[in-house]
Each structure stands twice: as C-alpha cells, then as structure tokens.
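Here are my notes on this model, as numbered points. Please read them with the structure open.

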Amino acid sequence: MAALHMNISCLIFLQVLLLLLSLFAQTNAQGLKVGFYDNTCPKAEGIVKKSVLDAIKKDRTIGAPLLRMFFHDCFVRGCEGSVLLELKNKKDEKNAPPNLSLRGFEIIDNVKAAVEKECPGVVSCSDVLALVARDAVVALNGPSWGVETGRRDGRVTNINEARANLPSPFDNIISLIAQFRSKGLDKKDLVVLSGGHTVGNGHCPLITNRLYNFTGKGDSDPNLDTEYAANLRGRCKPTDTTTALEMDPGSFKTFDKSYFKLVSQRRGFFQSDAALLDNQETKSYVLKQTKSYGSTFFKDFGVSMVKMGRIGVLTGRAGEVRKKCRMVN
C-alpha cells in the first residue's frame with residue numbers, strides 16, 4: 001500500500017514537473033521576456049517612452065508610421081531590425097516599394113542614441129522598434145501591453161525579401177490568411193492587427209484601382225460603399241500619386257475602436273480591409289467588435305502584437321546589438 005502511495009505521489013510530481021517545464025519552454029522558447037533589461041539597463045524603457053511621447057507631441061501623425069515600421073520589420077526576416085539597415089547600393093528593405101512610404105527612422109535613431117548613452121551596447125535596435133511601437137500606440141490613446149524584449153539585431157537586409165514577404169493592401173482574404181499563417185499568426189491575429197488601420201493615412205495610388213478600374217472596365221469595387229467611393233473619387237483623381245487620406249476619417253490620429261464599424265459599413269480603405277468580410281471567422285470578429293464597440297479589441301491587440309513580436313527573433317549569441325541602427329557593427 002505504501003509503495004502504491006509512493007508511486008502515485010511520484011506520478012503526480014512528474015506530471016506537475018512536466019507541466020511546469022512545458023510552461024517554462026513556452027514563455028522562454030525564444031529567449032524573450034518582459035523586463036529583459038531590468039538589470040542591465042533599467043532605465044531603457046523609460047527613455048524610449050519619453051522619446052516617443054516627445055516626438056508625438058511635436059507631430060501626432062508620426063505615431064502610425066512608427067507602429068507600421070515594426071509590422072514591416074517583423075514580416076521580413078523576423079523582428080530583427082533589418083528594415084532599419086541601409087546599403088550603399090540601395091538594395092535594402094527600405095527601398096522596397098511597400099517601404100517607401102515608411103517614415104520616422106530619425107526618431108528610431110534618436111531613441112537608440114539616448115539608450116546608448118545610458119547603456120552602451122546593451123539594448124538592440126529590434127527591441128527599440130518593439131518598444132517604440134507600443135509607446136506610439138499608447139501616446140495615441142490606445143492600449144498598452146507588456147513588451148517582451150531580448151531580441152538581437154540581424155546583419156542582412158534584402159529588397160527582394162521585402163517585396164516577397166509584406167502583405168499587400170490589394171490582397172484578398174485567401175492570400176492574407178496564407179501570409180499570416182506563414183509567420184505563425186492566425187485569422188484572429190490578421191483581423192486584430194488590421195485594426196491598426198484605425199490610425200494613419202493611406203495614399204491615392206493604393207486605392208485608384210478600387211475607385212476607377214476595379215475589373216478593367218472602368219468600374220469601382222462593388223464591395224466599397226457607393227457614397228464613400230464618391231467621396232474618395234472627389235479627393236483622389238486617377239493620376240494622383242501623392243495625396244494622403246485618413247484611413248479612419250475623423251480620428252486618424254487617435255487609436256480607437258471605430259475601424260471595425262467602418263469595415264462593417266463597407267468603408268474599409270484598402271481592399272485588404274474589405275477582404276475581412278470574405279471569411280466567416282474574420283467577419284465574425286469585425287461584427288462582434290462593431291456591436292460591442294470594440295469590447296475586446298484593445299486587449300486582443302496587445303496579445304497579437306506580442307505574438308507578432310516573436311516572429312523569427314534572434315536571441316542569445318545570434319546576431320548582434322548594433323551601435324547604430326542603420327548599419328551593422
């Protein structure tokens with residue numbers, strides 16, 4: 001009887017141990033954790049936050065591009081800062097067509113310089129990007145979340161990889177789901193992260209086709225609300241290559257929950273926004289957030305941002321910690 005009791009106790013102990021090891025592996029599989037710099041550079045996150053707040057006080061429109069920059073970094077080679085690198089031959093990610101409208105690189109430089117002054121060679125550029133994205137959202141009245149840090153920086157940047165890996169505003173739902181799945185993100189992550197379009201601008205060339213020649217017959221996208229389409233045509237002429245329009249009219253400088261209502265009304269700016277209504281799961285999320293005025297969106301956004309921030313990270317001794325974000329050491 002005593003032996004049986006001991007065997008049961010041992011079995012329970014082993015099960016608990018395996019569970020704990022499993023949880024530990026899940027939270028530390030990639031070497032990331034919230035507060036990674038608590039001992040090596042305890043003021044780092046405070047420095048980043050102050051720098052971002054100062055920048056957005058000067059120009060509130062810079063918040064959305066800073067968020068977008070992190071997304072564009074993570075989808076190409078993973079979240080390892082390759083979008084920041086510059087090559088003399090211009091064959092870097094920055095010069096890929098989807099990245100030509102990115103801005104705010106000088107803010108990243110300033111944040112990195114401030115952190116370097118406090119703790120030389122400790123905080124990576126890829127972690128700076130992750131922290132800046134969170135702090136930009138918060139500065140625009142959006143949610144906060146615990147940013148996992150501990151990334152190291154890559155040494156490679158390639159213009160063709162950016163062309164091949166970044167989702168397009170022209171993509172249909174099948175393509176979007178496949179691209180997100182290839183990065184370890186699911187349909188919920190797709191629709192939640194699309195909600196980032198609640199801030200920022202889109203440019204006329206990205207919607208000209210929707211407005212003037214959707215099927216090659218001089219027509220507009222039937223999935224676009226007719227009144228909204230007429231409004232957009234009044235502001236975007238067929239040859240306009242420069243005009244920027246608010247993706248979330250009236251609150252494009254505020255990270256709020258109105259994006260899903262716009263999509264449900266067929267007023268999503270991009271084809272990729274409208275595509276969210278073409279899949280039952282993504283459509284269901286859009287309608288749920290519309291009816292509840294984004295009851296879970298802020299929480300969900302933080303969860304999906306953390307998940308995206310784990311894509312292809314370099315940790316441990318992989319990569320390096322760049323001294324300047326635009327060049328390898």
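Over the ring of which residue does the charged end of Lys257 sit?

1. Charges over rings. The model is predicted. In it, the ring under the charged end of Lys257 belongs to Phe298, with 4.7 Å to the ring centre. Lys94 has a similar entry: its charged end sits over the ring of Phe105, 4.1 Å from the centre.

2. Aromatic pairs. Searching the whole structure gives 14 aromatic pairs. Take Phe71 and Phe75 as one of them: the ring centres are 4.5 Å apart and the planes meet at 25°, so this pair is stacked. The angle is what decides, because planes under 30 degrees apart count as stacked. Phe75 has 0% relative accessibility and therefore counts as buried.

3. An edge-to-face pair. Trp145 and Phe301 are 5.8 Å apart, centre to centre, with 70° between the planes. That makes the pair edge-to-face, because the label applies to planes over 60 degrees apart. Both partners are buried, Trp145 as well as Phe301.

4. What that pair connects. Trp145 lies in the loop between helix H5 (125-139) and strand S2 (148-149). Phe301 belongs to helix H14 (residues 297-308). The two parts are 156 residues apart in sequence, so the pair ties them together.

5. The ring cluster. Trp145 and Phe301 are also members of a cluster linked by ring pairs. The other members are Phe255, Tyr259, Phe260, Tyr285, Phe297 and Phe298. Phe298 is the ring that has the charged end of Lys257 over it.

6. Two domains. The domain assignment gives domain 1 as 43-165 and domain 2 as 173-304. Their C-alpha centres lie 23 Å apart. Domain 1 brings 13 residues to the contact, and domain 2 brings 14 residues.

7. The interface between them. How much area do domain 1 and domain 2 bury between them? The figure is about 1,300 Å², with 75% of it on carbon and sulfur atoms. On the domain 1 side, Phe75, Leu140 and Pro143 lose the most area to domain 2. Together these three account for 35% of what that side buries. The count of salt bridges between domain 1 and domain 2 is 0. Phe75 thus appears twice in this note: it is in the stacked pair with Phe71, and it is among the residues that lose the most area to domain 2.

8. Positive phi values. Two residues other than glycine deserve a look. Arg77 has phi near 70°, a positive value. This residue is in the loop between helix H3 (63-74) and helix H4 (105-118). Its relative accessibility is 37%, so Arg77 counts as partly exposed. Asn141 has phi near 75°, again positive. Asn141 is found in the loop between H5 and S2, the loop that also holds Trp145.

9. Around Leu211. Is Leu211 buried or exposed? With 3% relative accessibility, Leu211 counts as buried. The residue is placed in helix H9 (residues 208-212). Neighbours within four places in sequence left aside, Leu211 is in contact with Asp219, Ser220, Leu224, Ala229, Leu232, Arg233 and Cys236. From Leu211 to Pro238 the C-alpha to C-alpha distance is 8.4 Å, and the two are 27 residues apart in sequence.

Methods. Residues numbered from 1 in each chain as written. Predicted model: local features only at pLDDT ≥ 70, side-chain atom pairs only at ≥ 80, totals over all residues. Heavy atoms only, no water. Phe/Tyr/Trp six-rings, centres within 6.5 Å; stacked < 30°, edge-to-face > 60°. Buried < 20%, exposed > 50% of the residue type's maximum accessible area, 1.4 Å probe, protein only. Helix = DSSP H or I, 4+ residues; strand = E, 2+ residues; numbered from the N terminus. Lys NZ or Arg CZ within 6 Å of the ring centre and 35° of its normal. Domains from an automatic or database assignment. Contact = heavy atoms within 4.5 Å. Buried area = accessible area lost by both parts, 1.4 Å probe. Salt bridge = Lys/Arg side-chain N within 4 Å of Asp/Glu carboxyl O.
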